Amino acid sequence: MTQTDLVRSELESLVETIDVKTHFKTPRGIARAVDGVSIQIRRGQSLGVVGESGSGKTVLSRSIMGLLPRNGVIREGSVRYRGQEIGNCSDKEMQSIWGREMAMIFQDPMTSLNPVMKVGKQISESLRKNLGMSANEALAVAEKLLHDVRIPEPARRLNQYPHELSGGMRQRVMIAIAMACGPNMLFADEPTTALDVTVQAQILELLSEQKRDRNMSLLLVTHNLGVVAGYTDEIAVMYGGKVVEKAPTKTLFANTKMPYTEALLSSIPRLDQPSHSRLTTIPGRPPDLVNPPKGCRFAPRCAYVRDLCLNEEPELEQADSPDHTYRCFYPVGSPEYLERRVELTRKGELVASEGSN
Amino acid sequence: MAGTGKAHLRDDQNVLLRVEDLVVEFPIGRTGLKVNAVSGISFDVLKGETLGIVGESGCGKSTTGRAIMQLPSPTSGSIMFDGTELTTLSGEAMREARTKIQMIFQDPISSLNPRRNVRDIVLEPLSIWKRGTTAEQLAAVDKILEHVGIDPQRAAESKPHQFSGGQCQRISIARSLVLNPQMIICDEPVSALDVSVQAQVVNLLEDLKKQFELTLVFIAHDLAVVKNISDRIAVMYLGKICEVSSSDDLYRNPAHPYTDVLLSSIPVPDPTVAVKKVVVDGEPPSPVSPPAGCRFNPRCPNASDRCRSEEPTLREIEPDHFVACHHPLTGGEAPVSVHFK
Ligand SMILES: Nc1ncnc2c1ncn2[C@@H]1O[C@H](COP(=O)(O)OP(=O)(O)OP(=O)(O)O)[C@@H](O)[C@H]1O
Ligand SMILES: Nc1ncnc2c1ncn2[C@@H]1O[C@H](COP(=O)(O)OP(=O)(O)OP(=O)(O)O)[C@@H](O)[C@H]1O
Ligand code: SF4
Ligand code: SF4
Ligand SMILES: [Mg+2]
Ligand SMILES: [Mg+2]
């Protein structure tokens, strides 16, 4: 363990953010979509970014990629790629990074594919532009890429338009486009949410294969902790624009600290429950980013909330386990947590199946 | 003739929907070729039951759901809904029938008109069908909105984009309920939602089903969700049904090799459980020229010569558990059948 830790710490960060803030000017006020996030991704490592809708996962990825709207955005903090500050680069300077260095699989395949351009052309264009291939070469590579992402009849698909493909296939086309120039850092924004489980498993397998074989780094965005359990080295849980818990994947599951992380985990329907089991939900909704709650942003929905949580914002705490941080006053396992848990169980507000570990 | 068989159809007076030999084909331009999206499937749904349909992308789940609604009407086959054959209805009669069967879709936001306020969106079906006075319509809408947990006042003031994805799905559900349908076909209703919201919507559907005595067809690719909400599940592969069973039994005792693949692909929310190497590889075959015999044979670990020539039909391997496979994982080999051509 210490040996690996040593080796790991020697690996340089490929991507690093320091206290990144991305705020949007909206008619209602400033929306703090990403509010002070520091993460590191090392070469060949994968980081899962998990959280509910609106927690800032996509905005974080876009902030690192430099793909934010031009107007109405307030940006702060530092984004480094291979040690170089890229947070202030212009689109023109980013051109040399997009595609070959960093690529992104966007969340919504239908709106990010060009509806009036054939699939083959969409893939081959970036190959021609970034790698200087001839049209024929690029089409041949495009066919191979479609084959790699397991699209049946790749040759026929090259001549189809996006609307002629099923949702799952469109997502795989997106992945083929992102992989086209062999990036070092891949942002995969919910790459499998719209896909069925067999393809999901294949695609996650495919991404980890690329990661392994090419020593690629991967940032995997998802709302489902279950999906990233087997495919990430580390997980950052986001809530209301902040990272509220971050740990190596095994630690996060074995030694969950945030009540929020715990609640996310227990809302996943499980195969070992009989059918028609009542699913555990998290009451309420994520915070308004224009007027976030004063104390802990999760407080209005947290079963373990106390006065302190309503008034003060928890700082980043270091857990006993290495590389494990969280923001909570009464973490899972603390005396206050346990006391409340006993009360909740007595009142029948906690279902027995809602695991505490 | 080998179809996928009908052994699993029930002779029950409570059958609300009975689909027989459903075929949906899409011609490809002027090539003379066609996509065999759905190839002769049969199933039934009892009143008050939830039938789950699962299967890989492109296997024909949405096409099946839309064919029930005659959107478009199928190439061939019969769809009996509450004693009426839908495939031969006139346009007007079909429009009327569609009020009794509603459909909700995967993408909650884009399935709602962005320019109207949410209360009007939910009300629209009532005004189209001139159900009751305006005051009665508004009262009905507000009641339904309350049921799905949307504040009617806010609905009157807001457009869909001002609501979250989960709330938009609640709004779609409200809209599908106003005409008092008997059946709702849910096509991936929670696939685009967060796990936390997904759980809320699944719980909501379960509650509404009881309150409004609904019958559901629930199409999804997430087997854990389908298992939770369904009484009975049909597993589809490339336009065919391969297994039908009660949902708990399907998970306890999968018999079809493809069902087994589906089950073992489900991610386990536990990093100490090693990720299972994906058990099927290769490409899903083309629905334009599906393989002869069993359509799963090119990817099936159990495939034999028989599988490559003879199409398996659904047969009962234990009470209310049906499988279309020559060499299933449980239930014994299929008896050698006599062919009638
Ligand atoms: N261009 C923009 N202008 C104003 N607000 C924005 C803009 N883009 C994003 N936001 C807001 O920033 C917040 C974070 O959005 P983001 O898309 O990062 O969430 P997410 O975690 O990716 O959610 P999802 O799971 O739904 O994709 C949201 O409240 C969103 O409404
Ligand atoms: N209008 C159409 N024209 C041509 N082919 C179509 C059409 N609609 C569907 N198909 C094809 O029919 C097959 C079944 O599609 P369908 O959308 O029913 O699959 P599905 O099971 O719902 O998949 P997914 O999980 O991706 O939604 C696919 O091969 C699809 O490409
Ligand atoms: S700080 Fe308080 S409200 Fe926030 S997660 Fe911890 S216990 Fe819950
Ligand atoms: S019939 Fe044969 S090929 Fe088809 S699933 Fe069964 S064993 Fe596999
Ligand atoms: Mg997002
Ligand atoms: Mg579909």
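This is a walk through a predicted model, stop by stop, with something to select at each one.

**Stop 1: the two chains together**

Colour chain A and chain B separately and look at where they touch. On the chain B side, 56 residues are in contact with 53 residues of chain A. About 4,300 Å² is buried between the two chains, and carbon and sulfur atoms give 56% of that area. Now show Val195(B), Pro269(B) and Pro271(B) as sticks: they supply 15% of the area that chain B buries against chain A, more than any other three residues.

**Stop 2: a helix pair across the interface**

Stay with both chains and select helix H9 of chain A, residues 197-214, along with helix H10 of chain B, residues 257-265. Their axes come within 8 Å and cross at roughly 55°, which makes H9(A) oblique to H10(B). The crossing of H9(A) with H10(B) is left-handed.

Which residues of H9(A) and H10(B) meet here? From H9(A), pick Val197(A), Thr198(A) and Ala201(A); from H10(B), pick Val261(B), Leu262(B) and Ser265(B). By class, this contact of H9(A) with H10(B) has four nonpolar, two polar and no charged residues.

**Stop 3: H3 and H6 inside chain B**

Hide chain A for now and select two helices of chain B: H3, residues 118-128, and H6, residues 165-177. The two axes come within 7 Å and cross at roughly 30°, so H3(B) is roughly parallel to H6(B). H3(B) and H6(B) cross in the right-handed sense.

To see the contact, show Val118(B), Ile121(B), Val122(B), Glu124(B) and Pro125(B) on H3(B), facing Ile171(B), Ala174(B) and Arg175(B) on H6(B), which they meet. Sorted by class, the contact of H3(B) with H6(B) holds six nonpolar, no polar and two charged residues.

**Stop 4: Trp129(B)**

Next, move to Trp129(B), in the loop between H3 and helix H4 (134-147) of chain B. What does Trp129(B) contact beyond its neighbours within four places in sequence? Select Arg95(B), Glu96(B), Thr99(B) and Leu179(B), and you have the set. For Glu96(B), try a distance label: its C-alpha atom is separated by 8.9 Å from that of Trp129(B), though the two residues are 33 apart along the chain.

**Stop 5: H6 again, with H7**

Keep H6(B) on screen and add helix H7 of chain B, residues 195-211. The axes of H6(B) and H7(B) come within 10 Å and cross at roughly 15°; the two helices are therefore roughly parallel to each other. As H6(B) passes H7(B), the crossing is right-handed.

On H6(B), show Gly166(B), Gln169(B), Arg170(B), Ile173(B) and Leu177(B). They meet Val197(B), Gln200(B), Val201(B), Leu204(B), Leu205(B) and Leu208(B) on H7(B). By class, the contact of H6(B) with H7(B) has seven nonpolar, three polar and one charged residues.

**Stop 6: ligand 3**

Bring chain A back and centre on ligand 3. Its surroundings are Met258(A), Pro259(A), Cys296(A), Phe298(A), Ala299(A), Cys302(A), Tyr304(A), Cys309(A), Cys328(A), Phe329(A) and Tyr330(A). How does this shell around ligand 3 divide by class? The answer is 11 nonpolar, no polar and no charged residues.

**Stop 7: ligand 4**

Finish at ligand 4, which has 13 residues around it. Show Cys294(B), Cys300(B), Cys307(B), Cys325(B) and His326(B), the ones that come nearest. The shell around ligand 4 comprises eight nonpolar, five polar and no charged residues.

Definitions and conventions. Residues numbered from 1 in each chain as written. Chains lettered and ligands numbered in written order. Predicted model: local features only at pLDDT ≥ 70, side-chain atom pairs only at ≥ 80, totals over all residues. Heavy atoms only, no water. Near = heavy atom within 4 Å. Nonpolar A, V, L, I, M, F, W, Y, C, P; charged D, E, K, R; others polar. Axes fitted to C-alpha atoms, helices over the stretch in contact; angles between N-to-C directions. Helix = DSSP H or I, 4+ residues; strand = E, 2+ residues; numbered from the N terminus. Parallel < 35°, antiparallel > 145°, perpendicular 65-115°, else oblique. Left-handed = near helix turned anticlockwise from the far one by under 90°. Contact = heavy atoms within 4.5 Å. Buried area = accessible area lost by both parts, 1.4 Å probe.
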